[in-house]
Amino acid sequence: MENNETAVDSRQGSARPISAKDPTRITEQQFDQFCEKGDQELLLAVLTPTHTSAQGERVKSAADNLPRYENSYQMAPKRKFLPGKAQEIIEEALAEKLSEVDYSPEVCRDVAGELSELIKERIKALNLPRYKIVCTVQIGQRLKQGIRIGSRCVWNTKYDNYATGEFSSSTLFAIGTAYAVFLE
């Protein structure tokens, strides 16, 4: 191989002189050939970093395909999760979706999933960077019974929080909960 050839470095996406010792680099001509043929599996196999096993075989690592990010060293949120605002969002979403619904196990199962996604998206719209939002919605039939719903979480009480909203009609009740966990 001549020194004046260039290759695409799969780890950095840049063209540099290739080395016969580095299996993660291919020539631009090889890259163009793979793209023209549409052989994406082969292209990914060539561009995927590999390791050598004790027997001398090349072995791919699943961890090599994950994106790597620099540490931000941000240990506290810039804006904290506000349970009051989230509670309003939950109660509005519950009332909006359930005001015309009569209890039916099949219908309520589907509506609970839709509500959970709707609440999560609306809370994410509050633009709380680095918070993971988890939502649950329980819907049950009203038959003059009592119910207790509890949850336990291991989290940082300084930054993590939750909000709960309720809705009730003549045939059903619903409880929505949103958990906001800060990702350090």
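This section describes the fold, the sheet, the nonpolar core and the salt bridges of a predicted model.

The secondary structure of the chain consists of four helices and eight strands. In sequence order, these elements follow the pattern β-β-β-α-α-β-β-α-α-β-β-β. Of the 184 residues in the chain, 29% are buried. The accessible surface amounts to about 13,100 Å², and carbon and sulfur atoms account for 49% of this area. When contacts between residues at least 6 apart in sequence are considered, 55% of them join residues at least 24 apart.

Strands of a sheet pair through backbone hydrogen bonds, in either a parallel or an antiparallel sense. In the present model, three strands form an open sheet in the order 6-8-7, with antiparallel pairing. Strand 6 and strand 7 occupy the edges and have a single partner strand each, so one side of each lacks a neighbour in the sheet. On average, neighbouring strands of this sheet are turned by 15° against each other, direction ignored. Helix 3 packs on the sheet and touches strand 6, strand 7 and strand 8; the direction of helix 3 makes about 30° with that of strand 7. Helix 4 lies across strand 6 and strand 8, and runs at about 150° to strand 6.

The pairing can be followed at the level of individual residues. Strand 6 and strand 8 are antiparallel and are joined by eleven bridges. Within this pairing, Val 134 has Tyr 179 of strand 8 as its bridge partner, and Gln 138 stands opposite Ile 175 of strand 8. Eight bridges connect strand 7 with strand 8, again in the antiparallel sense. Here Tyr 162 has Tyr 179 of strand 8 as its bridge partner. Tyr 179 is thus the bridge partner of both Val 134 and Tyr 162. Ten of the eleven residues of strand 8 are buried, so this strand is largely enclosed by the rest of the structure.

Strand 7 and strand 8 form a hairpin, with three residues between them. Ser 169 is located in the loop between these two strands. With a relative accessible area of 17%, Ser 169 is buried, because the limit for a buried residue is under 20%. Leaving aside residues up to four places away in sequence, Ser 169 touches Val 101 and Arg 142.

The largest nonpolar core contains 28 residues, of which Phe 81, Leu 94, Leu 98, Leu 115, Ile 123, Tyr 131 and Ile 139 touch the most other members. At least two residues of this core are supplied by each of helix 3 (83–98), helix 4 (105–124), strand 6 (131–141), strand 7 (161–168) and strand 8 (172–182). The contacts of Phe 81, not counting residues up to four places away in sequence, include Ala 86, Ile 123, Leu 128 and Tyr 131. Asn 161, Tyr 162, Ala 163, Ala 178 and Ala 180 are also touched by Phe 81.

Most residues other than glycine have a negative phi. Two residues in the loop between helix 4 and strand 6 have a positive phi although neither is a glycine: Asn 127, at about 60°, and Arg 130, at about 70°. Asn 127 counts as exposed, at 51% relative accessibility, whereas Arg 130 counts as partly exposed, at 30%.

Side chains of opposite charge can pair when their charged atoms come close. The structure holds four salt bridges. In one of them, Glu 96 pairs with Arg 122, and the closest N and O atoms are 3.1 Å apart. Glu 96 belongs to helix 3 and Arg 122 to helix 4, so the pair ties together parts that are 26 residues apart in sequence. Both residues count as partly exposed, Glu 96 at 48% relative accessibility and Arg 122 at 26%. Another salt bridge joins Glu 114 to Lys 97, with the closest N and O atoms 3.5 Å apart. This pair links distant parts of the chain, since Glu 114 lies in helix 4 and Lys 97 in helix 3, 17 residues apart. Glu 114 is partly exposed at 42% relative accessibility, and Lys 97 is partly exposed at 33%. A further salt bridge is formed by Asp 110 and Arg 109, whose closest N and O atoms are 4.0 Å apart. Asp 110 is partly exposed, with a relative accessible area of 45%, while Arg 109 is exposed, with 56%.

Key: Residues are numbered from 1 along each chain as its sequence is written. This is a predicted model: local features need pLDDT of at least 70, side-chain atom pairs count only at pLDDT 80 or more; totals for chains, interfaces and linings use all residues. Side-chain values use heavy atoms; hydrogens and water are left out. A nonpolar core is a set of buried Ala, Val, Leu, Ile, Met, Phe, Trp, Tyr and Cys residues joined through side-chain atoms within 4.5 Å. Buried means under 20% relative accessible area, exposed over 50%, partly exposed in between (1.4 Å probe, protein chains only). Contact means heavy atoms within 4.5 Å. Two strands pair if DSSP finds at least two bridges between them. Axes are lines fitted to C-alpha atoms, for helices over the stretch in contact, and angles run from 0 to 180 degrees between N-to-C directions. Accessible areas come from the Shrake-Rupley method with a 1.4 Å probe; for residues, only the protein chains shown count as cover. A salt bridge is a side-chain nitrogen of Lys or Arg within 4 Å of a carboxyl oxygen of Asp or Glu.
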